[in-house]
Amino acid sequence: MSKDTLSTASARHPKPPNTTFAYGTAGFRTIGSLLDSTVFRVGVLASLRSAKLGGKTIGVMITASHNPPQDNGVKVVDPLGEMLPQLWEPYATQLANSDNLEDDVRDIVAREKIDVAQAGLVVVGMDTRETGPQLLRAAIDGIEVFGRAKSFGELTTPQLHYLVRSHNDPEFGEPSENGYNKKIISAVEEILRLWNVQEPLEITVDAANGVGAPKLRNLSSDLINISVVNSNTQDKSALNVECGADYVKTNQKLPANVQPRDHQLYSSFDGDADRVVFYYTDESRFQLLDGDRIATLLASFINKLLQQAKVKANMGIIQTAYANGDSTKYIQETLQIPVDFTPTGVKHLHHKAQEYDIGVYFEANGHGTVLFSEKLISELKSTHTSSPEEERALKTLVLLTEVINQTVGDSISDLFAVLLALRIQNKTCVDWGKDYTELPNKLFKVVVKDRFAFKTTDAERRLVEPAGLQAKIDALVAAYARGRCFVRASGTENAVRVYSEAASAADCADLGARVCELLE
Ligand code: NG1
Ligand code: ZN
């Protein structure tokens with residue numbers, strides 16, 4: 001290990017005093033100006049991870065997603081585009097907080113039996129935040145202690161995942177941003193040709209003044225016509241402010257700069273373009289089409305294609321406690337598809353989804369994707385068909401596996417999957433909104449003294465600690481028709497979240513407010 005290089009390089013990235021860092025569900029996330037040393041150290045860790053895996057390409061993404069503009073964050077992406085395995089998260093935390101970096105690096109190298117000479121390539125990307133470029137340089141500095149760095153500059157989070165995967169697995173696609181664009185556009189256009197669609201796909205997207213805006217511009221074609229609003233990435237203070245998927249979902253209202261025409265579909269991305277939600281207005285009433293709706297739309301569309309193609313596959317939908325109770329009921333009773341629940345955080349949903357031939361997972365906030373197993377994909381590719389209708393359905397299914405990002409939730413590919421599902425089924429956004437009615441629901445955020453005191457069980461739907469609190473919540477819930485309410489600590493913010501739903505909006509608000517009072 002080139003000790004001098006580590007100490008010399010690390011001296012350029014001093015750790016801020018009195019700050020502790022924790023690698024959580026979304027990697028490290030805090031005020032961007034505090035993150036220089038942490039990002040440098042994550043760079044070191046990423047190259048160790050590459051060495052551990054015999055020189056495979058690893059990714060580092062610098063983003064704080066939907067958080068406010070002054071925040072930033074960093075996470076590590078594994079070779080096939082997955083999140084860093086949970087076993088390595090404590091190493092990230094250990095290095096970020098270390099006062100003796102060389103010893104701690106040596107400790108990890110010994111524990112994991114790493115030959116640092118094997119460190120290979122680490123690809124790096126960032127969103128559009130003001131602190132991004134400086135943190136990108138810190139990451140590169142850290143990576144280059146043991147390995148090699150390649151910066152792709154501004155990227156969406158899912159593009160970075162794609163790039164990591166395609167560097168390791170050339171069959172997945174060309175390892176460039178252009179390769180990502182080509183893969184999606186050509187699959188979308190081929191599906192449109194198969195179904196003889198003449199009119200271009202059209203939608204207005206609110207890009208949260210984030211990186212999704214410039215990236216969407218690269219995806220236009222004769223058959224794809226996207227207008228982008230909230231596309232100002234130059235004004236660094238505008239990111240996610242009064243716009244974007246998180247704003248729309250949390251406030252259940254239109255973002256700034258969308259003047260809707262009734263019955264027309266709109267969509268919002270978040271700041272790093274891995275979440276998407278849709279909406280329309282009906283006589284000025286706002287109708288949100290969130291992650292639960294995307295899951296049901298895509299699952300029923302794919303089911304229909306499977307039937308047409310006469311292919312049998314086992315499909316499951318994965319939800320979290322934040323899924324609306326009526327969406328779960330609709331999936332189980334009307335679509336007759338099994339539902340699993342996992343804790344919040346896409347890595348949990350992703351793992352569960354991998355247990356199916358087709359695993360559809362979406363958080364209600366719009367983060368999710370559809371995973372197709374390798375076994376099913378090769379079966380689809382080798383099945384012989386006996387009619388043009390079967391042939392078309394089969395081809396569409398294969399092409400959908402190219403449109404839909406197989407590594408992580410992706411606003412861009414989910415946007416196209418939804419537009420295709422609607423167009424091919426001749427379904428309007430209003431039809432989509434009427435698939436099922438939704439229970440009124442509300443999300444609250446409560447700042448408490450110690451959020452780590454809140455421990456949960458049953459996919460975060462019940463509290464085990466603080467002792468006695470769950471019984472009080474149960475007693476309140478019992479008083480409301482179709483009431484449901486749960487409390488959990490946020491993994492990305494210093495707060496506790498309360499979710500409530502009930503048969504009426506007034507009851508839902510009341511139930512949530514009363515549970516919040518229990519926390520004060
Ligand atoms: P936390 O802060 O742990 O609730 C939020 C989202 C998660 C997930 C992560 C990662 C809600 C209620 N929570 O987590 O679903 O997306 O951010 O970005 O939407
Ligand atoms: Zn995001």
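**Group meeting: a buried glutamine, a zinc site and two sheets**

I begin with a single side chain: that of Gln406, which reaches the backbone oxygen of Val370 at 2.9 Å. Please bear in mind throughout that the model is predicted. The side chain of Gln406 also has a polar atom that lies 2.9 Å from the backbone nitrogen of Phe372. Where does Gln406 lie in the chain? It lies in the loop between α14, residues 388-403, and α15, residues 411-424. Gln406 counts as buried, because its relative accessible area is 13%, and the cut-off is under 20%. With neighbours within four places in sequence left aside, the residues in contact with Gln406 are Phe172, His350, Val370, Leu371, Phe372 and Thr401. Val370 and Phe372, already named for their backbone atoms, thus reappear in that contact list.

I turn now to the metal. Which residues supply the protein donors of the zinc ion, ligand 2? They are Ser65, through OG, and Asp270, Asp272 and Asp274, each through OD, at 2.0 to 2.1 Å from the ion. The spacing of these residues in sequence reads S-x204-D-x1-D-x1-D. Of the aspartates, Asp270 and Asp272 are buried. Why is the arrangement around the zinc ion irregular? The 4 donor atoms subtend angles of 86 to 170 degrees, whereas a tetrahedral assignment would require all angles to lie between 85 and 135 degrees.

Next, the sheets. One open sheet has 5 strands, in the order β1-β3-β2-β4-β5, with mixed pairing. At its edges stand β1, residues 28-31, and β5, residues 148-154; each has a single partner strand, so one side of each is left without a neighbour in the sheet. On average, neighbouring strands here are turned by 15 degrees against each other, direction ignored. Within this sheet, β2, residues 58-62, pairs with β3, residues 71-77, in the antiparallel sense over 4 bridges. In that pairing, Ile62 stands opposite Val74 of β3.

Another open sheet consists of 3 strands in the order β15-β19-β18, and its pairing is antiparallel. Its edge strands, β15 at 441-446 and β18 at 484-489, each pair on one side only. The twist from one strand to the next averages 15 degrees. How many bridges join β18 to β19? There are 6, and β19 covers residues 496-501. Across these strands, Arg484 stands opposite Glu501 in β19.

To close, I return to Gln406, whose side chain reaches the backbone oxygen of Val370 from the loop between α14 and α15.

Methods: Residues are numbered from 1 along each chain as its sequence is written. Chains are lettered from A and ligands numbered from 1 in the order in which they are written. This is a predicted model: local features need pLDDT of at least 70, side-chain atom pairs count only at pLDDT 80 or more; totals for chains, interfaces and linings use all residues. Side-chain values use heavy atoms; hydrogens and water are left out. Two strands pair if DSSP finds at least two bridges between them. Helices (H or I, at least four residues) and strands (E, at least two) are DSSP runs, numbered from the N terminus. Axes are lines fitted to C-alpha atoms, for helices over the stretch in contact, and angles run from 0 to 180 degrees between N-to-C directions. Buried means under 20% relative accessible area, exposed over 50%, partly exposed in between (1.4 Å probe, protein chains only). A polar contact is a pair of N or O atoms within 3.5 Å; within protein, one must be able to donate a hydrogen and the other to accept it, and residues adjacent in sequence count only if both atoms are side-chain atoms. Contact means heavy atoms within 4.5 Å. Donors are N, O and S atoms within 2.8 Å of the metal (3.2 Å for Na, K and Ca); water is not among the atoms, so sites may look incomplete. Four donors count as tetrahedral if all angles lie between 85 and 135 degrees; four count as square planar and six as octahedral if opposite donors are over 155 degrees apart and all others between 65 and 115; anything else is irregular.
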